[in-house]
Structure formats: C-alpha cells, structure tokens
Amino acid sequence: MKIMVIDDKSDQLKTLVGILRGFAPPSRAVCEVSGYRDYKKALRVIDKMPFDVVVTDMRMGSTKREGLEVVKHLSNMSAIVIVLTAYPSIPNCVEAIKAGAWDYLEKDPIDGQDPYARLFASLTEALKFRKAHPRRGAPNPDDVWIRANIKNLMRKFPGKLVAVVYSKVVDCDDSYAKLSARVRKKFSLTTPAIVSIPDAGHEKAL
C-alpha cells in the first residue's frame with residue numbers, strides 16, 4: 001500500500017513518515033511511505049503515480065491554505081485523503097470535508113488522546129470502506145450531499161461514522177464493521193455512502 005505524507009515542517013514530516021511505516025493495514029499489505037515538504041512537487045508525483053492514501057497538513061506555504069488545495073486536487077482521484085493539522089478550526093474542517101477529505105484530525109488533541117492512534121483508526125476504517133465499495137469513476141450523489149451538509153452532520157453526529165442513502169442518514173456508529181453490517185441488511189441493493197464525521201467538540205478554534 002502506498003502512502004504519501006505532505007507537511008512543510010521537516011521534523012513533523014520525518015516523524016509522521018516513520019510512524020506510518022508501522023501502520024498495519026486491514027489487508028496486511030506492506031506500507032510504502034513517501035514524504036514531501038513541497039506540496040506542488042507532491043501533486044506532480046501523484047499525477048504520475050497513484051497513491052492509496054494521502055495524509056496532508058492543512059496550514060502550509062505562504063497562503064496557509066495549501067493543504068486545502070491538496071484535498072481539492074485529489075477530489076476526483078482514488079486516494080483516501082486525511083487532513084492532520086496543528087491549527088484546527090470548524091470552518092477549515094467543513095471546507096476540507098466538502099472538498100473530499102475522509103477525515104480531519106488534530107496533531108495535538110485537546111483531550112490528550114494519542115493523535116497517531118486516531119490516525120491509524122481513521123485509516124483502518126477508510127480502507128475497510130474502500131475495499132468494500134471501490135470507486136467506479138462517477139461521484140456518489142450521497143457523497144455530494146454529505147459534503148453539502150457537513151455542518152449539520154457535525155452537530156448531529158460528532159465523531160461518528162454515518163451511512164447515507166438517498167440524501168438521508170440511515171444509521172450511525174463508532175464501528176465501521178457494525179455499521180456496514182446493519183446497512184447491508186437494510187439496503188441490500190443499494191451502496192450507501194459511509195463517512196467519518198469530525199467531532200467539532202475537539203476543535204480548538206470555536
């Protein structure tokens with residue numbers, strides 16, 4: 001499995017690359033992790049060579065919004081994109097999820113939890129979902145609906161995985177496996193959109 005990390009701070013980039021090399025995917029595949037400080041160079045590499053996962057900082061470069069550019073660039077590609085930021089805010093979180101990020105996580109959670117444990121858990125759920133529901137090129141209308149309604153979803157389902165069918169939340173859970181199993185029983189002929197909803201209560205800038 002190929003993972004790319006993008007962070008303009010060399011010490012944080014080195015740390016994250018090292019930690020992700022120890023990630024054990026559900027498929028038991030070996031992780032090949034690459035790190036880039038220059039997001040433009042990283043995107044050029046991605047355009048030539050597909051990656052399974054991209055973990056990107058949000059606040060980079062002169063604009064401090066280059067992480068969002070990464071998410072937008074990858075929105076129509078197959079990579080799972082997770083934002084890992086030291087400067088979380090609800091507006092940035094909403095933008096990132098609307099642009100196509102799977103999750104939005106803090107580098108230093110205010111509740112004291114291990115940020116890398118959260119990252120590994122988010123990655124595991126994202127990979128399980130992608131394996132069960134590979135993309136077929138066309139965007140899922142329910143994915144579009146989730147991005148358009150992410151603010152309301154953050155208020156109603158903070159920190160949960162939600163399943164959406166026909167622009168309606170049909171179920172939610174902390175566990176992808178439990179949620180997926182229930183939804184499959186209810187909607188055997190429909191592929192739901194399942195996404196991790198960030199917890200606004202953990203954001204620093206309220």
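## Ile97 and its surroundings

Ile97 sits in helix H4, where helices (H or I, at least four residues) and strands (E, at least two) are DSSP runs numbered from the N terminus. The model is predicted: local features need pLDDT of at least 70, side-chain atom pairs count only at pLDDT 80 or more, and totals for chains, interfaces and linings use all residues. Residues are numbered from 1 along each chain as its sequence is written, and side-chain values use heavy atoms, with hydrogens and water left out.

With a relative accessible area of 1%, Ile97 is buried. Here, buried means under 20% relative accessible area, exposed means over 50%, and partly exposed covers what is in between (1.4 Å probe, protein chains only). Setting aside neighbours within four places in sequence, Ile97 is in contact with Trp102, Asp103, Tyr104, Arg147, Ile150 and Pro198; contact means heavy atoms within 4.5 Å. If you want a distance to check in your viewer, Ile97 and Asn149 are 9.9 Å apart from C-alpha to C-alpha, with their places 52 residues apart in sequence.

## A salt-bridge network around Lys107

Now for the charges. A salt bridge is a side-chain nitrogen of Lys or Arg within 4 Å of a carboxyl oxygen of Asp or Glu, and by this rule the count comes to seven. Which residues are linked in a network of salt bridges? They are Asp7, Asp57 and Lys107.

Lys107 meets Asp7 at 2.7 Å, N to O. This pair links distant parts of the chain, 100 residues apart: Lys107 is in the loop between strand E5 (103-106) and helix H5 (115-132), while Asp7 is in the loop between E1 and helix H1 (10-20). Lys107 also forms a salt bridge with Asp57, and here the closest N and O atoms are 3.6 Å apart. That second pair again links distant parts of the chain, 50 residues apart, with Asp57 in the loop between E3 and H3. Are these charged residues buried or exposed? Lys107 and Asp7 are both buried, with Lys107 at 13% relative accessibility, and Asp57 is buried too, at a relative accessible area of 4%.

## Asp174 and Lys160

Another salt bridge joins the side chains of Asp174 and Lys160 (3.2 Å, N to O). Asp174 lies in the loop between strand E7 (169-173) and helix H8 (176-186), and Lys160 in the loop between helix H7 (150-156) and strand E6 (161-164), so the pair ties together parts that are 14 residues apart in sequence. Asp174 is exposed, with a relative accessible area of 54%, whereas Lys160 counts as partly exposed at 28%.

## A positive patch

Lys40, Lys41, Arg44 and Lys48 form a positive surface patch. Patches are made of residues with over 30% relative accessible area and no salt bridge; like charges are joined within 9 Å, and nonpolar side chains (Val, Leu, Ile, Met, Phe, Trp, Tyr) within 5 Å. Lys41 has its place in helix H2 (residues 39-48) and is partly exposed, with a relative accessible area of 44%.

## Helix H3 and its cover

Which residues of helix H3 (residues 66-73) are buried? They are Glu66, Gly67, Leu68, Val70 and Val71. What covers these buried residues includes strand E1 (2-6), H2, strand E3 (53-56), strand E4 (80-85) and helix H4 (90-99). Two elements in that list are already familiar: H2 is where Lys41 is placed, and H4 is where Ile97 is placed.

## Three further positions

Met1 is in the segment before E1 and is buried, with a relative accessible area of 17%. Leaving out residues up to four places away in sequence, Met1 touches Phe23, Pro25, Ala29, Val30, Cys31, Glu32, Asp52, Val53 and Leu127. Its C-alpha atom is separated by 19 Å from that of Asn76, 75 residues apart along the chain.

Val165 is found in the loop between E6 and E7 and counts as buried at 3% relative accessibility. The C-alpha atoms of Val165 and Pro141 are separated by 9.1 Å, the two residues being 24 residues apart along the chain. Gly112, by contrast, counts as exposed at 64% relative accessibility, and lies in the loop between E5 and H5. The C-alpha atoms of Gly112 and Gln12 are separated by 18 Å, with the residues 100 residues apart along the chain.

Conventions: Accessible areas come from the Shrake-Rupley method with a 1.4 Å probe; for residues, only the protein chains shown count as cover. Lys and Arg count as positive and Asp and Glu as negative; His and the chain ends are not counted. The place of a charge is taken as NZ of Lys, CZ of Arg, CG of Asp or CD of Glu.
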